[in-house]
Structure formats: C-alpha cells, structure tokens
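I opened my notebook to look up a few things in this structure. I will write down each one as I go.

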Amino acid sequence: MIIREEHDGVRVLRLAHGKVSAMDIELGEAFIAELKDAAEAPVRAVVITGTGSSFSAGVDLFRLIKDGPDYGQRFLPVLDTMLRDTLTFPKPLIAAVNGHAIAGGCILAAACDRRIMADGNGRIGVPELVVGVPFPALPLQIMAARMPDAAFRQLVMSGRTVLVDEALTLGLIDEKCAADFLLERALAAANQLGAIPAGAFALTKEAFTTLILDRTACLSDLNARVAHAWMQPQTYDTIRAYLDRTVGKK
C-alpha cells in the first residue's frame with residue numbers, strides 16, 4: 001500500500017495502492033501512520049512519490065459509489081487528516097510527481113513543501129467540479145495558497161487537467177525534470193531543505209501553514225454544508241455519470 005525506502009537520512013514513501021493509488025480509508029489511514037512515524041524517526045526529510053504512471057488519481061470514486069454515504073461520512077475526516085498532517089508535517093516534504101496527479105492527488109502534492117514533476121504525459125489538476133462534488137475547505141485553501149488567484153479560479157471552474165509545462169507556468173508545480181532523474185532530483189531537494197536547522201525550518205513552515213489553517217477554520221460552517229452535499233443522492237448520480245462518461249462502468 002505504501003512502500004518505505006531509506007536514502008541516507010531521507011525517507012521515501014511510495015504510494016502503491018492499486019493501479020492508480022486512489023484514495024480510500026485504508027490508504028489514508030496508512031499514510032497518516034507513515035507520516036507520524038517519519039516525524040518521530042531520525043530522518044531529515046521525506047519524499048512522497050507514486051508508482052507506474054500515477055502519483056495518485058485522487059479519491060476512489062468507485063469505492064465512494066459502491067459503499068455509499070455511510071462510507072463517505074467515514075472517509076471525509078480521514079482525507080482531511082491526511083491532508084492536514086501533510087501540510088503541517090514539521091520536516092521538509094517533497095512531492096516527486098511521477099505521473100498523473102488528479103484531484104486529491106494534486107492537492108496532496110500541493111500540501112508538500114516542494115513539487116517536482118516528471119516530464120511526460122502525466123496530467124495534474126483539480127476536476128472536482130466536473131466530477132460534481134464541491135471542494136472541502138482545507139483542500140481549497142491548500143490549493144489557493146500555491147497558485148495565483150486568477151489562475152487558480154480558472155483551473156477550478158474549468159476542471160481542466162494540464163501537462164507538466166502548463167503546470168509549471170500555472171504554479172501547480174515548482175519544477176520539472178526528466179522522468180529517469182525524478183527520484184534523484186527529489187532526494188537532492190530533500191537534502192537541501194533537510195540541511196536547514198530543524199527548529200528554524202519547522203517554525204518558519206508553521207508560519208505559512210497557520211495562515212492556511214486559519215482561513216480553513218473561518219469556513220467551518222460552509223465546510224459542513226460541503227460535507228452534507230457530498231452525501232446527497234444527486235451528488236452520487238453526478239459522480240456515477242462522470243465515471244460512465246470518462247472511464248466506463250467498472
């Protein structure tokens with residue numbers, strides 16, 4: 001589900017959950033546990049990457065449809081904790097985006113301190129509105145903090161996913177590199193940030209993340225309405241139609 005690798009004081013967490021590392025309760029809980037372990041372990045930094053052609057395809061929509069609102073009510077808090085723990089992880093956290101990073105996969109990368117994407121055919125973006133689900137507050141604020149406002153609004157409203165060069169222009173990623181050197185480049189970035197005194201890094205990072213969390217807290221009432229909307233029959237109908245239209249029935 002998550003493969004752990006050690007590289008001279010830098011830990012690599014490789015998502016390996018099904019074909020596209022779609023996010024479900026099990027992956028979320030495993031990821032939360034891995035971050036907790038890495039925070040306490042004698043490692044300077046962490047790299048998050050995926051397997052095959054995907055970093056992560058985001059929320060497992062098939063699972064959401066199959067298991068219904070009861071599952072959704074249990075899943076959303078896990079997703080929130082997963083993203084919150086990523087955002088507030090006290091050590092340097094590098095996203096090595098090896099391929100497709102869609103919806104929750106894009107947001108997971110955005111919650112990291114540096115995002116490096118492999119050159120190639122991988123697509124990245126936040127098509128939540130095309131799928132038919134509103135943004136929870138924390139994912140929206142994470143993304144808003146990473147991109148210029150006009151570009152972010154356009155990306156959200158259009159639901160587009162983009163290739164690496166446009167992702168770099170929009171600010172979705174910080175840099176690109178050849179696919180064969182992605183891990184090498186991510187480890188170099190991790191070592192560079194990991195060389196900063198740990199206390200100074202953690203406090204400076206906290207200053208950035210606190211602003212995101214404060215904006216999220218201001219949206220608590222709206223977020224409750226968003227969560228309610230996720231559980232409605234019409235939302236499931238829209239997700240089902242999206243899946244039928246884009247990937248066919250499973």
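**Entry 1: the largest pocket**

I began with the largest pocket of this predicted model. I looked up its lining and found 34 residues. Nearest the centre of the pocket lie Val 20, Ala 22, Ala 57, Val 59 and Leu 61. I then asked which elements give two or more residues to this lining. They are helix H2 (61-87), strand E6 (100-102), helix H3 (104-110), helix H4 (128-131) and helix H11 (233-246).

I also sorted the lining of the largest pocket by class. The result is 21 nonpolar, seven polar and six charged residues. The space in this pocket comes to about 810 Å³.

How is such space found? Rolling a probe the size of a water molecule over the atoms shows where empty space is left.

**Entry 2: the second largest pocket**

Next I looked up the second largest pocket, with a volume of about 290 Å³. Its lining has 14 residues. Closest to the centre of this pocket are Cys 112, Asp 113, Arg 146, Lys 205 and Phe 208. Which helix gives the most to this lining? I noted helix H9 (residues 198-218), with seven residues. By class, I wrote down six nonpolar, two polar and six charged residues for the second largest pocket.

**Entry 3: helix H8**

I wanted to check the length of a helix, and I chose H8 (residues 182-194). The helix has 13 residues, and at 1.5 Å a residue they should span 18 Å. The C-alpha atoms at the two ends are 18 Å apart, so the expected span agrees.

Then I looked up burial in H8. The buried residues are Leu 182, Ala 186, Leu 187, Ala 189, Ala 190, Leu 193 and Gly 194. Why do I put these on the same side of H8? They cover an arc of only 160° around the axis, and therefore they share a side. On the other side of H8, I found Glu 184 and Gln 192 exposed.

I also looked at Asn 191, which is in helix H8 too. Is Asn 191 buried, partly exposed or exposed? Its relative accessibility is 31%, so Asn 191 counts as partly exposed. I checked one distance from here. Asn 191 and Pro 139 are 52 residues apart in sequence, and their C-alpha atoms are 27 Å apart in space.

**Entry 4: an aromatic pair**

How many aromatic pairs does the structure hold? I found one. The partners are Tyr 71 and Phe 75, and the pair is stacked. I wrote down 5.9 Å centre to centre and 10° between the planes. A pair of aromatic rings is described by the distance of the centres and the angle of the planes.

Where do the partners sit? Tyr 71 and Phe 75 are both in helix H2, four residues apart, which is about one turn of the helix. I checked their burial as well: both Tyr 71 and Phe 75 are buried.

**Entry 5: positive phi**

Most residues other than glycine have a negative phi. I looked for residues that go against this.

Asp 8 is not a glycine, yet its phi is positive, at about 50°. I located Asp 8 in the loop between strand E1 (2-7) and strand E2 (10-15). Asp 8 has a relative accessible area of 73%, so I noted it as exposed.

Ser 21 also has a positive phi, near 50°, and is a residue other than glycine. I located Ser 21 in the loop between E2 and helix H1 (25-40). Is Ser 21 buried or exposed? At 1% relative accessibility, Ser 21 counts as buried.

**Entry 6: three more residues**

Thr 51 is in the loop between strand E3 (45-49) and strand E4 (54-56). Its relative accessible area is 21%, so Thr 51 is partly exposed. The cut-off for buried is under 20%. I also noted that 31 Å separates the C-alpha atoms of Thr 51 and Thr 204, which are 153 residues apart along the chain.

Phe 89 is in the loop between H2 and strand E5 (93-97). I noted Phe 89 as buried, at 3% relative accessibility.

I ended with Ile 239, in helix H11. Its relative accessible area is 0%, so Ile 239 is buried. Ile 239 and Ala 16 are 223 residues apart in sequence, and I noted 24 Å between their C-alpha atoms.

How values were computed: Residues numbered from 1 in each chain as written. Predicted model: local features only at pLDDT ≥ 70, side-chain atom pairs only at ≥ 80, totals over all residues. Heavy atoms only, no water. Expected span 1.5 Å × (residues − 1). Buried < 20%, exposed > 50% of the residue type's maximum accessible area, 1.4 Å probe, protein only. Arc of directions from axis to C-beta. 1 Å grid on protein atoms, 1.4 Å probe; cavity = no way out; pocket = protein on both sides within 12 Å on 5 of 7 lines; lining within 4 Å. Points joined across faces, edges and corners; volume = space filled by probe spheres on them. Nonpolar A, V, L, I, M, F, W, Y, C, P; charged D, E, K, R; others polar. Phe/Tyr/Trp six-rings, centres within 6.5 Å; stacked < 30°, edge-to-face > 60°.
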